[in-house]
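The following exercises invite the reader to study a protein model step by step. Please look at the sequence and the structure before turning to the tasks.

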Amino acid sequence: MKTLILLSGLPGVGKSTWARKYAREHPFTMIVSSDELRKVMTGEFQNFTKEKEMWQRFYDLIIFGRDHYQHITVIVDATNLHNQFRIKYGEIAGFDHKIYVDFNKSMEEVLRQNQMRVNERIVPTDVIRRMESTKDELNDTVLNLFDECWRIS
């Protein structure tokens with residue numbers, strides 16, 4: 001079985017921690033992380049100079065996981081705060097099962113957790129607040145692309 005798990009939430013909400021825990025407990029899980037890929041490509045988590053190339057590689061890694069393994073869970077670890085991206089990943093064909101995981105914690109908790117990260121991973125508070133103010137509400141178009149929707153708070 002091929003499963004896609006799409007994570008969505010603000011920086012610092014716990015997506016990557018959740019993904020690593022899930023992967024430890026579920027063999028044959030591949031995490032595709034925008035933060036980790038950005039670090040590999042630029043040497044820094046917060047360096048956004050190669051975004052176009054990074055997002056293409058990000059997508060290609062999801063497809064690689066799908067195409068090269070008979071039994072695989074691919075976790076898509078990025079903020080995915082806008083429906084256009086949720087739809088883009090939800091429409092990827094070839095997965096037998098798709099799960100959308102919505103991380104929804106209070107702003108106070110998100111900011112607290114963000115400050116607990118190692119320094120190079122801390123996202124400025126004003127950036128997190130701006131992202132919160134522009135994120136899209138889930139809509140039926142998105143939800144209809146997934147077999148399950150999990151909410152983590």
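Five exercises on strands, a helix, single residues and pockets follow, each with a worked solution.

This is a predicted model, in which local features need pLDDT of at least 70 and side-chain atom pairs count only at pLDDT 80 or more, while totals for chains, interfaces and linings use all residues. Residues are numbered from 1 along each chain as its sequence is written, and side-chain values use heavy atoms, with hydrogens and water left out.

**Exercise 1. Strand E1**

Determine how many residues of E1 are buried, and which strands pair with E1.

Solution.
- Step 1. Helices (H or I, at least four residues) and strands (E, at least two) are DSSP runs, numbered from the N terminus. E1 comprises residues 2-8.
- Step 2. A residue is buried under 20% relative accessible area, exposed over 50%, and partly exposed in between (1.4 Å probe, protein chains only). Seven of the seven residues of E1 are buried, so the strand is largely enclosed by the rest of the structure.
- Step 3. Lys-2, Leu-4, Leu-6 and Ser-8 point one way from E1, and Thr-3, Ile-5 and Leu-7 point the other way; all are buried.
- Step 4. Two strands pair if DSSP finds at least two bridges between them. E1 pairs with E3 in the parallel sense over five bridges, and with E4 in the parallel sense over six bridges.
- Step 5. Individual positions can now be matched. Leu-4 stands opposite Val-74 in E3, Leu-6 stands opposite Val-76 in E3, and the bridge partner of Thr-3 in E4 is His-97.

**Exercise 2. Strand E3**

State how many residues of E3 are buried, and find how E2 and E3 pair.

Solution.
- Step 1. E3 covers residues 72-77, and six of its six residues are buried.
- Step 2. From E3, Ile-72, Val-74 and Val-76 point one way, whereas Thr-73, Ile-75 and Asp-77 point the other way; all are buried.
- Step 3. E2 (residues 29-33) pairs with E3 in the parallel sense over five bridges. Within this pairing, Thr-29 has Thr-73 of E3 as its bridge partner.

**Exercise 3. Helix H4**

Identify the buried residues of H4 and explain on which side of the helix they lie.

Solution.
- Step 1. H4 spans residues 83-90, and its buried residues are Asn-83, Arg-86, Tyr-89 and Gly-90.
- Step 2. These residues cover an arc of only 130° around the axis, and therefore lie on the same side of H4. The arc is that of the directions from the helix axis to the C-beta atoms.
- Step 3. The elements that cover the buried residues of H4 include E1, H3, E3, E4 and helix H7 (140-143).

**Exercise 4. Two residues of helix H3**

Decide whether Arg-66 is buried or exposed, do likewise for Trp-55, and list what each residue touches.

Solution.
- Step 1. Arg-66 belongs to H3. At 16% relative accessibility, Arg-66 counts as buried.
- Step 2. Contact means heavy atoms within 4.5 Å. Not counting residues up to four places away in sequence, Arg-66 touches Lys-2, Val-74, Ile-92, Ala-93, Gly-94 and Phe-95.
- Step 3. Trp-55 also has its place in H3. With a relative accessible area of 29%, Trp-55 is partly exposed.
- Step 4. Leaving aside neighbours within four places in sequence, Trp-55 is in contact with Ser-34, Arg-38, Ala-78 and Tyr-89.

**Exercise 5. The largest pocket**

Describe the volume and the lining of the largest pocket.

Solution.
- Step 1. On a 1 Å grid over the protein atoms alone, a pocket is an open set of points where a 1.4 Å probe fits, with protein on both sides within 12 Å along at least five of seven lines; lining residues have an atom within 4 Å of a point. Grid points are joined across faces, edges and corners, and a volume is the space filled by probe spheres set on the points.
- Step 2. The largest pocket has a volume of about 790 Å³. Among the 34 residues that line the largest pocket, Pro-11, Lys-15, Ser-34, Asp-35 and Thr-79 are the closest to its centre.
- Step 3. H1 (15-25), H2 (34-42), H3 (51-68), H4 and H6 (125-134) each supply at least two residues of this lining. The largest share, four residues, comes from H1.
- Step 4. By class, the lining of the largest pocket divides into 14 nonpolar, 11 polar and nine charged residues. Here Ala, Val, Leu, Ile, Met, Phe, Trp, Tyr, Cys and Pro count as nonpolar, Asp, Glu, Lys and Arg as charged, and the others, Gly among them, as polar.
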